[in-house]
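Please look at the structure shown here with some patience, beginning at the ligand and moving outward from there. The paragraphs below take up one place at a time.

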Amino acid sequence: MQVFILGGTGTIGTAVVAELVSRNHQVLALSRSEKSDKLLMSAGATPFRGNLTEPNSWADVAVSSDAIIQAAATFGEDMGDVDAKAMKALAQAAETRSAPTRLIYTGGCWLYGETGDEIAMEDRPFNPLPAFSWMVTHAQMLLDAPQLRTAIVHPAMVYDTRDGGVFFRFLSAAKTGQRIEIWGSLATRWPLIESSDLARAYCDLVERSDLVGYFNAVAEEGVTVGRITSVISEAFGSPTEPVIRTVDEAVKENGTWAKGPTLDQQMSARKLQSAVCWQPRFIDFAEPTSRWIADLRA
Ligand SMILES: NC(=O)c1ccc[n+]([C@@H]2O[C@H](COP(=O)([O-])OP(=O)(O)OC[C@H]3O[C@@H](n4cnc5c(N)ncnc54)[C@H](OP(=O)(O)O)[C@@H]3O)[C@@H](O)[C@H]2O)c1
């Protein structure tokens with residue numbers, strides 16, 4: 001298949017490109033710089049120069065592919081507006097095609113809000129952080145678009161052994177011997193998934209265009225931030241006593257998105273598992289993370 005990917009150099013996209021290439025798919029990836037061109041080419045993808053903010057230059061090419069993956073985000077104030085323009089352009093371009101185009105759109109665990117002791121399944125009503133509420137609207141628009149066959153993936157918090165992903169902030173502190181800063185509480189639970197496991201879920205869904213709707217992608221339903229930070233600090237031999245900051249302090253210093261990592265959440269991937277027989281390879285983050293840190297220190 002030819003797959004057009006937006007965000008092929010990001011945390012999620014890098015892993016997805018690697019998995020697509022390993023499955024012998026042809027990957028065309030939107031790229032906005034020479035640096036991204038090089039990264040994509042070294043991963044076996046073909047860069048297509050363009051910007052997420054200017055979809056008219058790439059939407060027709062995207063819909064002429066067998067499938068499209070949206071894993072790009074500007075993470076600026078304009079994040080929702082840029083995504084709206086890009087996704088509307090895709091839906092319109094798809095209308096010019098004789099057959100519907102497969103689209104995998106990225107949502108996220110933060111759209112469920114706090115779940116506490118409940119485990120979020122796909123039928124749970126959304127309660128998104130205001131900074132990400134546009135995603136719910138866009139996902140519905142794409143599901144309703146007549147010429148798109150859309151699957152929405154809700155990734156858990158994604159860690160990886162490239163730059164750490166959601167562990168990046170913790171790793172950076174521990175690596176330099178500093179105490180890790182926690183926002184909110186040590187008891188906050190994060191649903192987790194390793195990036196290559198997530199990538200297999202995206203690719204399984206790309207290859208099954210009969211499957212539409214929402215799919216949670218998660219390997220560990222909810223791991224406390226306290227456990228994550230103690231595994232990381234112990235592996236680095238750095239101080240294990242974290243610095244605790246309040247949610248308000250974190251938001252004031254880092255912006256409204258900082259509320260996301262303070263949500264106490266649990267999530268299940270039972271639907272994905274039964275739909276495509278997907279199983280995560282990493283069911284305890286401590287194993288790949290400790291091994292990766294040991295290699296870094298060797
Ligand atoms: N990471 C997680 O734990 C997680 C969990 C759940 C949901 N999500 C969602 O997944 C999506 C991707 O997250 P991520 O963590 O993979 O993001 P990321 O690592 O920050 O990557 C963002 C990607 O978007 C591209 N991009 C940004 N602005 C662009 C522009 N103007 N034109 C073209 N490309 C542009 C970047 O390309 P460059 O290389 O050019 O910068 C990069 O490939 C987001 O919507 C996020 O909310 C992430």
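A nitrogen atom of the ligand lies 2.7 Å from an N or O atom in the side chain of Asn-51, which is within the cut-off for a polar contact (a pair of N or O atoms within 3.5 Å; within protein, one must be able to donate a hydrogen and the other to accept it, and residues adjacent in sequence count only if both atoms are side-chain atoms). Taken alone, the ligand exposes 900 Å², of which the protein buries 81%, where accessible areas come from the Shrake-Rupley method with a 1.4 Å probe and, for residues, only the protein chains shown count as cover. This is a predicted model, in which local features need pLDDT of at least 70 and side-chain atom pairs count only at pLDDT 80 or more, while totals for chains, interfaces and linings use all residues. Residues are numbered from 1 along each chain as its sequence is written, and side-chain values use heavy atoms, with hydrogens and water left out.

An oxygen atom of the ligand is 2.5 Å from an N or O atom in the side chain of Thr-9, and a nitrogen atom of the ligand is 2.9 Å from a polar backbone atom of Leu-52. Thr-9, Asn-51 and Leu-52 are among the residues that come nearest, out of 26 around the ligand, where a residue is near if one of its heavy atoms lies within 4 Å.

Away from the ligand, the largest nonpolar core has 97 residues, and those with the most contacts inside it are Trp-58, Ile-69 and Ile-232. Such a core is a set of buried Ala, Val, Leu, Ile, Met, Phe, Trp, Tyr and Cys residues joined through side-chain atoms within 4.5 Å. Helix H4, residues 79–94, gives the most to this core, with nine residues; helices (H or I, at least four residues) and strands (E, at least two) are DSSP runs, numbered from the N terminus.

Leu-263 is found in the loop between helix H9 and helix H10, and it counts as buried because its relative accessibility is 4%, buried meaning under 20% relative accessible area (1.4 Å probe, protein chains only). Not counting residues up to four places away in sequence, Leu-263 touches residues including Trp-110, Leu-129 and Arg-189, contact meaning heavy atoms within 4.5 Å.

Arg-189 has its place in strand E9 and is buried, with a relative accessible area of 17%. The side chain of Arg-189 makes a polar contact with the side chain of Asp-117, at 2.9 Å.

Key
Buried means under 20% relative accessible area, exposed over 50%, partly exposed in between (1.4 Å probe, protein chains only).
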